[in-house]
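Got the viewer open and a selection box ready? Let's walk through this one stop by stop, beginning with a single side chain and working outwards.

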Amino acid sequence: MNLTSINTIKDLLTRHGFSFSKSLGQNFLINPSVCPKMLPPAGGEHHVFAFEIGAGIGVLTKELAKVCKKVVCVEIDETLKPILDETLADCPNVEIVWGDIMKLDLKQLFIEKFNQNNEVICCANLPYYITSPVIMRLLEERLPLASITVMVQKEAAVRLCAPPGTRDCGAVSVAVRYYSEPKKLFDVSRGSFIPSPNVDSAVIRLDVRSEKRHDIADEAVFFRLVRAAFSQRRKQLVNPVSAASKQPKEAVKAALAACGLKITARAEELTLEEFINLYNAVFAGNTFIRSEM
């Protein structure tokens, strides 16, 4: 069954009475060149465990099943069950978990399905509306993932991969860079999907850091500081950092100076290391403020 053929897909969906859900951001791939380029690098075939988010009709799932030892996919839309029973009938190494990726206990899921194997990759075509929350949950929970390869809205890809210290950088860019090494792989035109979305997409890969690289006492407080800094990204850091840390502006100015930063610095000008230095300068030894934030 050719799952990238429009006629095949329309026949499949019609036979099973399936209707696309806008609320779930459903767009199914019909470009046969995309999925093969999202697969694990050559040489790792049949030894890699794959975790997919959103099976759709199984286009990417089938490609993963060809080269991976086991594929576990979380799918929220149970109306797809009869379709996937048909399209994945010849894929015994695929298991579908029905549920919401944002509500499932992912750590327990990985233990149960992958037997604590540390060679798991994530590969997915993510709905645009939930891209950042899903990526951040995968990273923050420190799951045993070697990499995360996802297709996202092109604009989101630029933001997620933007190096701190550049104009495209935002709070999520800093967070992604903290946990992984992001890289944009290739663009995907809107015509590669059915139904066609209103924007183009891009595939990115996040190579997850296996060890914690930075000395931060409280990561939650660090990221709150970063979010506060970018909440007024065009303004100087002094005001938002002062408000977030509950410290006087003069103390924040002193912290900036101690880090070798301009008092007039803005969030988009700081690198990841400079954000970390600022965090340490502002919060070093101040346990009361940590607990308050």
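Select Arg137 first: despite its charge label in your viewer, look at its cover, because at 15% relative accessibility Arg137 counts as buried (buried is under 20% relative accessible area, exposed over 50%, partly exposed in between, with a 1.4 Å probe and protein chains only). Before going further, know that this is a predicted model, in which local features need pLDDT of at least 70 and side-chain atom pairs count only at pLDDT 80 or more, while totals for chains, interfaces and linings use all residues. Residues are numbered from 1 along each chain as its sequence is written, and side-chain values use heavy atoms, with hydrogens and water left out.

Stay on Arg137, which sits in helix 6, residues 131-140. Helices here are DSSP runs of H or I with at least four residues, strands are runs of E with at least two, and both are numbered from the N terminus. What does the side chain of Arg137 reach? Draw a distance to the backbone oxygen of Ile101 and you should get 2.5 Å. That is a polar contact, meaning a pair of N or O atoms within 3.5 Å; within protein, one must be able to donate a hydrogen and the other to accept it, and residues adjacent in sequence count only if both atoms are side-chain atoms. Now show the surroundings: leaving out residues up to four places away in sequence, Arg137 touches Ile101, Met102, Lys103, Leu104, Asp105 and Leu106. A contact here means heavy atoms within 4.5 Å.

**Next, Arg142**

Slide along to Arg142, in the loop between helix 6 and strand 6. Its partner is Glu219: the two form a salt bridge whose closest N and O atoms are 2.6 Å apart. The pair ties together distant parts of the chain, 77 residues apart, with Glu219 in helix 9 (residues 219-231). A salt bridge is a side-chain nitrogen of Lys or Arg within 4 Å of a carboxyl oxygen of Asp or Glu. Are the two partners buried or exposed, or something in between? Arg142 is partly exposed at 43% relative accessibility, whereas Glu219 counts as buried at 18%.

Check the backbone of Arg142 too: phi is near 50 degrees, a positive value in a residue other than glycine. Most residues other than glycine have a negative phi, and most peptide bonds are trans.

**More salt bridges**

How many salt bridges does a search of the whole structure find? The count is 17. Pick Lys70 and Glu95, whose closest N and O atoms are 3.9 Å apart. This pair also links distant parts of the chain, from Lys70 in strand 3 (residues 70-75) to Glu95 in strand 4 (residues 94-98), 25 residues apart. Lys70 is partly exposed at 22%, and Glu95 is partly exposed at 26%.

Then try Asp187 with Lys184, a salt bridge at 2.8 Å between the closest N and O atoms. Asp187 is partly exposed at 42% and Lys184 is partly exposed at 35%. Finally, select Asp11, Arg15 and Glu86 together: they are linked in a network of salt bridges.

**Two backbone stops**

Go to Ile194 and Pro195, which are joined by a cis peptide bond with omega about -15 degrees. Pro195 is in the loop between strand 8 (193-194) and strand 9 (201-208).

Jump to Lys246, in the loop between helix 10 (238-245) and helix 11 (249-258). Lys246 is not a glycine, yet its phi is positive, about 60 degrees. Lys246 is exposed, with a relative accessible area of 54%.

**Into helix 9**

Select Leu225 in helix 9. Leu225 is buried, at a relative accessible area of 1%. Beyond its neighbours within four places in sequence, Leu225 is in contact with Val241, Tyr279 and Phe283. Measure C-alpha to C-alpha from Leu225 to Ala171 as well: 9.4 Å in space, for 54 residues in sequence.

**Zoom out**

Show the whole chain as a cartoon and you have 13 helices and nine strands. The C-alpha atoms fill a box of roughly 70 × 40 × 35 Å along the principal axes. Of the 293 residues, 51% are buried. Among contacts with a separation of 6 or more, 67% are between residues 24 or more positions apart.
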